[in-house]
Amino acid sequence: MDINKEALLHEFKTLKNHCSILDSAVIKEYFPDGDFETALDKFFDVEFRAIDSFYALDYPFQGETVFKEDKFVELVDVIPEFIVSLIKVGMPFIVSLHKYQKSRKTEPVLLSLPNLVESSKIVYHSWNLLGDLLKQESEDRQTSITELESKLGQLVRTKPHYDLLGTLQNVYNSIVLMAISEDILEKGLFDLFIHPDKEKRASLYSLAGRELSALRTLGGLTGDDSIEDIIPRIRQDLLQNGYPQLNQPRASQIPGAYIINPNKKVAQIEEQSMQYGQVDGLVLNLPEDQTTDQSPVDLDFMSDDKKIAKIKLSHMEAAFLYYLGSEREAGESYWLHAPEEHQDLLRKIWNSFSLPQYFEDELELESPKKDSSTWIWDFRNTNRKTLRNQIQRKIKYLQSSALDFNLITSIKSKSPSRGGNYKLNTQINSFEIIPPSSSR
């Protein structure tokens, strides 16, 4: 054994002494049968190869950080749950955990130490799914998004954890925040179990690397901020600093080894933000030919009565936006909750676009069917959500910081049976319809 290995092994062995002051109540919780000392001896009585593998870990925490004596002392004092949980599961288990990266099960899994392997698989698999979505240029990503939602939803989380499970929760939360900032997921779709104890939370965060960058941005919230404020900040931080990857080789310190690059130009975004103010109005230009869905529909974005950008919408996307824009102009809300109260508007929308026949069939209804083919009675939030995401992705392709906000935001349902409620972002003050030139 060379001198460096011997020194590292000696340093690791001396950490065992600090475990003598671990909180006895915590030990009792994890070792109710009183076999802690046996597990402790087994944890520290390992070969150098296992220690070296632990030092190299980047997921679900940075092993090298844990085994620095000053940090180890902090963990024993501040979050003894973390140290005791490591001893509970054992060194061989921990160093091999990151190698299992794909979850093949579909049933719900409770986040718990007995389910540690499957819980970790779900988190890692979700991270890889998000990475694939960030690289996709196609607008047709709904299948992949549905797979990500399904995988994230499979992990049942009931409370914040401050042990090894807490590190998985932090990675999970970062996945959700990055997906929300990219409009892949909707706000409120998944609960974020943020650790309420600030000191313990800071210790947990300190064990991770770049994978928690979005979560650390959230941690910068002040009393005056809301989730609406923080999402654009997370997105801008990711654009400037990159999208982190998990489990990259520690030997490679090149930043590119840690970054998923979605090929977005930060410099261009910053330049545009200097030229334009906040988007405060929309102008929907109706199609010239309302007999074909190939006739273009333009949506103009206005700032102080000046057009700063535009996107092209499908006729169904435009119909959905027409409805929400009319709601904003009327100064009201929850029109999607009760479409039966707006039959005249729905008829007007039908006459303005080339929409499928089933749209007219559904607007004639006075109550919802079990399954809706359009967004009109879509209380299960299938079609509405898809349309909202399609529109938002088109906005993001413009790569303008003036448009770096969620145009259509979800709002809490009034009743469990009528979900899928949306509204235009509160910063939109005006909505104008421009009829075809033949009607002017």
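This dialogue covers a sheet, its helices, two helix crossings, a cavity and two backbone features.

Colleague: On what footing should the model be read, and how are residues numbered?

Modeller: The model is predicted, so local features need pLDDT of at least 70 and side-chain atom pairs count only at pLDDT 80 or more, while totals for chains, interfaces and linings use all residues. Residues are numbered from 1 along each chain as its sequence is written, and side-chain values use heavy atoms, with hydrogens and water left out.

Colleague: What is the strand order of the open sheet of four strands?

Modeller: In general, strands of a sheet pair through backbone hydrogen bonds, either parallel or antiparallel. Here the order is β7-β6-β5-β10, and the pairing is mixed. Strands (E, at least two residues) and helices (H or I, at least four) are DSSP runs numbered from the N terminus, and two strands pair if DSSP finds at least two bridges between them. The edges are formed by β7 (306-313) and β10 (430-434), each of which pairs on one side only. Neighbouring strands of this sheet are turned by 20° against each other on average, direction ignored.

Colleague: How many bridges join β5 to β10?

Modeller: Five bridges link β5 (residues 281-285) with β10, and the two run parallel. Within this pair, L282 stands opposite F431 in β10.

Colleague: Which strands does helix α16 touch?

Modeller: Contact means heavy atoms within 4.5 Å. Helix α16 (residues 315-329) packs on the sheet and touches β5, β6 (297-303), β7 and β10; its direction makes about 130° with that of β10. Helix α19 (residues 383-396) also packs on the sheet, touching β6 and β7, at about 130° to the direction of β7.

Colleague: How should the packing of α16 and α17 be described?

Modeller: Two packed helices are described by the angle between their axes and the distance between the axes. The axes are lines fitted to C-alpha atoms, for helices over the stretch in contact, and angles run from 0 to 180 degrees between N-to-C directions. For α16 and α17 (residues 343-352), the angle is about 140° and the axes are 10 Å apart. Their crossing is right-handed; a crossing is left-handed if the near helix is turned anticlockwise from the far one by less than a right angle, and right-handed if clockwise. The contact involves A319, Y322, Y323 and S326 of α16, together with L345, L346, K348, I349 and S352 of α17.

Colleague: Is the crossing of α6 and α12 left-handed or right-handed?

Modeller: The crossing of α6 and α12 is left-handed. The axes of α6 (residues 69-78) and α12 come within 10 Å and cross at roughly 145°. E74, L75 and V78 of α6 meet E199, K200 and S203 of α12.

Colleague: Which residues line the largest cavity?

Modeller: On a 1 Å grid over the protein atoms alone, a cavity is a set of points where a 1.4 Å probe fits but cannot get out, and lining residues have an atom within 4 Å of a point. Grid points are joined across faces, edges and corners, and a volume is the space filled by probe spheres set on the points. The structure holds three cavities of 30 Å³ or more, and the largest has a volume of about 50 Å³. Its lining consists of I180, D183, L185, E186, K187, R388, N406, I408, T409 and S410. Strand β8 (residues 408-410) gives the largest share of that lining, three residues.

Colleague: What is the phi of D183, and which peptide bond is cis?

Modeller: Most residues other than glycine have a negative phi, and most peptide bonds are trans. D183 has a positive phi, near 60°, and lies in the loop between α11 (164-181) and α12 (198-205). The peptide bond from Y59 to P60 is cis, with omega near 0°; P60 is in the loop between α4 (48-55) and α5 (63-66).

Terms used
1 Å grid on protein atoms, 1.4 Å probe; cavity = no way out; pocket = protein on both sides within 12 Å on 5 of 7 lines; lining within 4 Å.
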